[in-house]
Amino acid sequence: MKTVLQILIVIGALGGISAAQQPAAPPVSISLQDAIKRAQSANSLFAAASADTRIAQSEHSIARSLLLPNVVYHNQFLYTQGTGQPAIAPIKFIANNAVHEYVSQASVTETIGGIGIAEYKLSAAAAAAAHARFEVARRGLVVTVVANYYNVFAADAKLAAAQRALDQASHFSSITNKRESNGEVAHADTVRSDLQVQQRQRELNDATVAADRARLDLGVMLFSDPGTPYTLTTSFDQFPALPSRSEVEAAATANNPELKAAMESLRAAQHAVSAAKWAFFPDLILNYSYGIDAPQFAVHAPDGTRNLGYSASATLDIPVWDWFATRSRVHESNVRREQANTELTVTQRQLIASLKETYQEAQVSLDQLRLLDKSVQSATESLRLTTLRYSSGEGTILEVVDSQNTLLQAETSRADGAARYFNALANLQTLTGSMPR
């Protein structure tokens, strides 16, 4: 038993060594378009919206087929009990024609009525509305991906800023220790610089956790294993230009999916009213059949006559009484049309308000981003000059600490400002239809 256990331990150790020797897989390079495609293939809500669109298209095809002639090749054999007196009454069921009757016919049927046309138009509007709702889901998913994508950039930028701040604090601490050993400053300066290093270390730890969390949030949307290593290829330093207000308004009016969905829903409700009203009118049914309906399954009868022939019929069904069911359906469709009209009005108002709010947010965030760039430059120069003044004995440690805090805050705010602008631009693009696919 000991020998078997020892062998298993050795095998396990060798397996662990071979696994450790295997090189780690290189990180996956992910652009923004790649992230969007990966998220679309894995998101359940997006898949449901896509399925609804395909179902609506199929229903539209079914409604169209109901308007076209229906062709059936009908085959039937009828056996009827005979009376034994062929000359007088050959069969007992007078509804049938012979003891043996063979039916083999091609039958073409066409129904002409307003209900089918109205339902076809209704299905077309419903398919368009489903496609618009699918576009709403797609753009919403893109906004989420963009937010998480640039949150990773922002978290990495904050992490880099925290690391630089720690390096600067450590460098300044070494300067303070040298000056104290030379008798140039009090021990309180050394204590204060050490506290600054400790504070920067805590901030670096928090920034590391935040960066890992941001990467996991995006990894959940992109990979089956959220811990898959990846790198982002899109630049965080180049900002796309903000279009003019008139261009945004024109694009939003033409390409907004919420507005399209509301308009198509109203159009579908209007066709539903028409379909309900057409139930008050008659339908014309045309039928043409060609084939065999004879006692023999043959082209010619025993006497030489041809069994092949045709028949045609025209039927007009006039509705008379249905216990007010049609009137109730008309009332129901009118209520739904009023509701769709109200939803369209609300959607139009929300679009106007959202467009104004989102454009203002994008414009302000872009202006803020430009100011933050200047703040980072000014804070960097201020820290350099303050450190030089302290090294030459002209400044105080409080000035240096204040400059360090100011620079870290400016760099952190700049990362948040960049992410804010990209998110605002993505929200604006959802209204204008210019989002990446």
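**Notebook: helix packing and a few odd residues**

I started with Y421, which sits in helix α9. The model is a predicted one, so I kept in mind that local features need pLDDT of at least 70 and side-chain atom pairs count only at pLDDT 80 or more, while totals for chains, interfaces and linings use all residues. Residues are numbered from 1 along each chain as its sequence is written, and side-chain values use heavy atoms, with hydrogens and water left out. Helices here are DSSP runs of H or I with at least four residues, strands are E runs of at least two, and both are numbered from the N terminus.

**Entry 1: Y421**

Is Y421 buried or exposed? Y421 has a relative accessible area of 0%, so I put it down as buried. For the cut-offs, buried is under 20% relative accessible area, exposed is over 50%, and partly exposed is in between, with a 1.4 Å probe and protein chains only.

Next I listed what Y421 touches, taking contact as heavy atoms within 4.5 Å. Leaving aside neighbours within four places in sequence, Y421 is in contact with F239, P240, A241, L242, A362, S365, L366 and L369. P240 is 181 residues away from Y421 along the chain, yet I get 9.6 Å between their C-alpha atoms.

**Entry 2: α9 and its partners**

Two packed helices are described by the angle between their axes and the distance between the axes. The axes are lines fitted to C-alpha atoms, for helices over the stretch in contact, and angles run from 0 to 180 degrees between N-to-C directions. Under 35 degrees counts as roughly parallel, over 145 as roughly antiparallel, 65 to 115 as roughly perpendicular, and the rest as oblique.

I took α8 (residues 325–391) against α9 (residues 397–432) and found an angle of about 160° with the axes 7 Å apart. That makes α8 roughly antiparallel to α9. Their crossing is left-handed, meaning that the near helix is turned anticlockwise from the far one by less than a right angle; clockwise would be right-handed. I sorted the residues of the α8 contact with α9 by class and got 21 nonpolar, 15 polar and seven charged. In this scheme Ala, Val, Leu, Ile, Met, Phe, Trp, Tyr, Cys and Pro are nonpolar, Asp, Glu, Lys and Arg are charged, and the others, Gly among them, are polar.

Then I tried α5 (residues 187–222), which packs with α9 at about 10°, axes 10 Å apart. α5 is therefore roughly parallel to α9. The class split for α5 with α9 is four nonpolar, four polar and four charged. On the α5 side I noted D189, R192, S193, Q196, R200 and E203, which meet I397, L398, V401, Q404, N405 and L408 of α9.

**Entry 3: α3 with α4**

How do the axes of α3 and α4 cross? For α3 (residues 44–67) and α4 (residues 114–181), I have axes coming within 8 Å and crossing at roughly 165°. The pair is therefore roughly antiparallel, and the crossing is left-handed. In the contact of α3 with α4, I find 14 nonpolar, seven polar and five charged residues.

While in α4, I looked at H131, which is located there. H131 has a relative accessible area of 43%, so I logged it as partly exposed. P257 is 126 residues from H131 in sequence, and the C-alpha to C-alpha distance is 8.7 Å.

**Entry 4: Q105 in a strand**

I then moved to Q105 in strand β5 (residues 100–112). Its relative accessibility is 18%, so Q105 counts as buried. Not counting residues up to four places away, Q105 touches V72, Y73, H74, S289, Y290, G291, I292 and D293.

**Entry 5: the loop before α8**

Which backbone angle caught my eye at W323? W323 is not a glycine, yet has a positive phi of about 60°. F324, also not a glycine, has a positive phi of about 65°. W323 is in the loop between β8 (308–317) and α8, and F324 lies in the loop between β8 and α8 too. W323 is exposed at 69% relative accessible area, and F324 is partly exposed at 41%.

**Entry 6: the whole chain**

I counted nine helices and eight strands in the protein. The C-alpha trace spans about 140 × 80 × 35 Å along its principal axes. The radius of gyration is 39 Å, where a compact globule of 437 residues would have one near 22 Å. That radius is taken over C-alpha atoms, and the globule rule is 2.2 Å times the number of residues to the power 0.38. Of the 437 residues, 34% count as buried. Among contacts between residues at least 6 apart in sequence, 81% join residues at least 24 apart.
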